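Take a look at the chain below. The paragraphs after it walk through its helices, its cores and its largest pocket.

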Amino acid sequence: MVALYLASTSPARAQIIADIGLSAEVLSPDVDEEAVVAEMTSPTAVSIAQHLAERKAESALTPDVDGLVIGGDSVFEFDGEFLGKPHTADVATKRWKAMRGRSGILHSGLCVIDHTGGTHRGSLSEVSSAEVFFRADVTDDEIAAYVATGEPLSVAGAFTLDARGAAFIEKIVGDSWAVVGMSATSLRSLITGLGHDYTGLWATR
């Protein structure tokens with residue numbers, strides 16, 4: 001069986017890999033996201049998500065890596081801005097007060113590199129998107145409590161669909177897996193596009 005490597009430290013992406021029946025070794029990508037984006041010419045939310053996913057996958061390549069390397073990144077497009085991780089409570093709070101009662105688009109970039117035999121044999125990338133609608137009745141106290149958990153500080157857009165933040169989301173239009181962190185549909189398409197049997201990679205048959 002071809003080995004899978006996940007070039008991401010995102011717990012959500014690792015959980016998705018497990019949930020869809022795959023098994024991957026987690027590698028920590030060495031990418032300065034802000035510097036990479038600063039080097040881009042006329043970046044868009046879609047191009048940022050795709051470029052960072054590609055760079056993260058590429059950063060994990062070593063001669064010892066023999067298999068398919070998966071890189072991912074997410075960018076939230078809201079009110080004309082491209083939002084990544086808020087990192088601080090103040091930024092997360094400000095974002096939530098602006099987002100409630102409105103919507104934004106979460107772009108999830110995915111890249112798969114075929115590095116079987118320890119050699120770069122090709123790569124494919126794709127971006128999946130979904131519109132996220134936030135409830136208008138989220139109170140300041142609820143925002144403060146949510147931010148205090150620390151959950152929204154390290155995720156794109158300052159919200160989650162698969163944890164506490166789910167209660168504050170009205171609906172999703174598009175690929176919900178992309179909002180969580182990785183599109184299962186895109187992953188299958190990229191793996192098969194590189195000539196590999198997707199179901200043959202299932203950890204349990």
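What follows is a short tour, starting with two helices.

Keep in mind that this is a predicted model. Begin at helix α7, which spans residues 184–193. Which of its residues are buried? Ala 184, Ser 186, Leu 187, Leu 190 and Ile 191 are. Seen down the axis of α7, these buried residues fall within an arc of 160°, so they line one face of the helix. The general rule helps here. An α-helix has 3.6 residues a turn, so residues three or four places apart point the same way. The other side of α7 carries Thr 185 and Gly 193, and both are exposed.

What does the buried side of α7 pack against? Two helices take part, α1 (11–19) and α6 (176–180), along with the strands β3 (67–78), β5 (103–115) and β6 (122–134). Past the end of α7 comes Gly 195, with a positive phi near 90°.

Now pick out one residue of α7. Ser 186 lies in this helix. Is Ser 186 buried or exposed? Its relative accessibility is 2%, so Ser 186 counts as buried; the cut-off is under 20%. Leaving aside residues up to four places away in sequence, Ser 186 touches Leu 110, Glu 126 and Ser 128.

Move on to α1. Its buried residues are Ala 12, Arg 13, Ile 16 and Ile 17. Viewed down the axis of α1, they fall within an arc of 140°, so they line one face of the helix. The cover over these residues includes the strands β1 (4–7), β2 (24–27) and β3. Helices α6 and α7 also belong to that cover. Just after α1, Gly 21 takes a positive phi of about 85°.

Next, the nonpolar cores. The largest one has 21 residues. Which of them touch the most other members? They are Phe 76, Trp 96, Leu 106, Val 132, Phe 134 and Phe 159. Four elements give two or more residues to this core: β3, α4 (89–99), β6 and α5 (140–148). Another core lies apart from it, with 18 residues. Among them are Leu 6, Ile 16, Ile 17 and Leu 187. Three of these names have come up before: Ile 16 and Ile 17 are buried in α1, and Leu 187 is buried in α7.

Return to Phe 159 for its contacts. Not counting residues up to four places away in sequence, Phe 159 touches Phe 76, Trp 96, Leu 106, Val 132 and Phe 134, as well as Tyr 146, Pro 152, Ile 169 and Val 179.

Helix α4 also holds Ala 98. At 33% relative accessibility, Ala 98 counts as partly exposed, because that class runs between the 20% and 50% cut-offs. Ala 98 and Ala 167 are 69 residues apart in sequence. In space they are 17 Å apart, C-alpha to C-alpha.

Last comes the largest pocket. How much space lies in it? About 910 Å³. Its lining is made up of 37 residues. Nearest its centre lie Asp 73, Lys 85, Ser 154, Val 155 and Ala 156. By type, the lining divides into 19 nonpolar, ten polar and eight charged residues. At least two lining residues come from each of α1, α2 (33–39), α3 (45–59), β3, β4 (81–83) and α6. Strand β3 supplies the largest share, four residues.

Definitions and conventions
Residues are numbered from 1 along each chain as its sequence is written. This is a predicted model: local features need pLDDT of at least 70, side-chain atom pairs count only at pLDDT 80 or more; totals for chains, interfaces and linings use all residues. Side-chain values use heavy atoms; hydrogens and water are left out. Buried means under 20% relative accessible area, exposed over 50%, partly exposed in between (1.4 Å probe, protein chains only). The arc is that of the directions from the helix axis to the C-beta atoms. Contact means heavy atoms within 4.5 Å. A nonpolar core is a set of buried Ala, Val, Leu, Ile, Met, Phe, Trp, Tyr and Cys residues joined through side-chain atoms within 4.5 Å. On a 1 Å grid over the protein atoms alone, a cavity is a set of points where a 1.4 Å probe fits but cannot get out, and a pocket is an open set with protein on both sides within 12 Å along at least five of seven lines; lining residues have an atom within 4 Å of a point. Grid points are joined across faces, edges and corners, and a volume is the space filled by probe spheres set on the points. Ala, Val, Leu, Ile, Met, Phe, Trp, Tyr, Cys and Pro count as nonpolar, Asp, Glu, Lys and Arg as charged, and the others, Gly among them, as polar.
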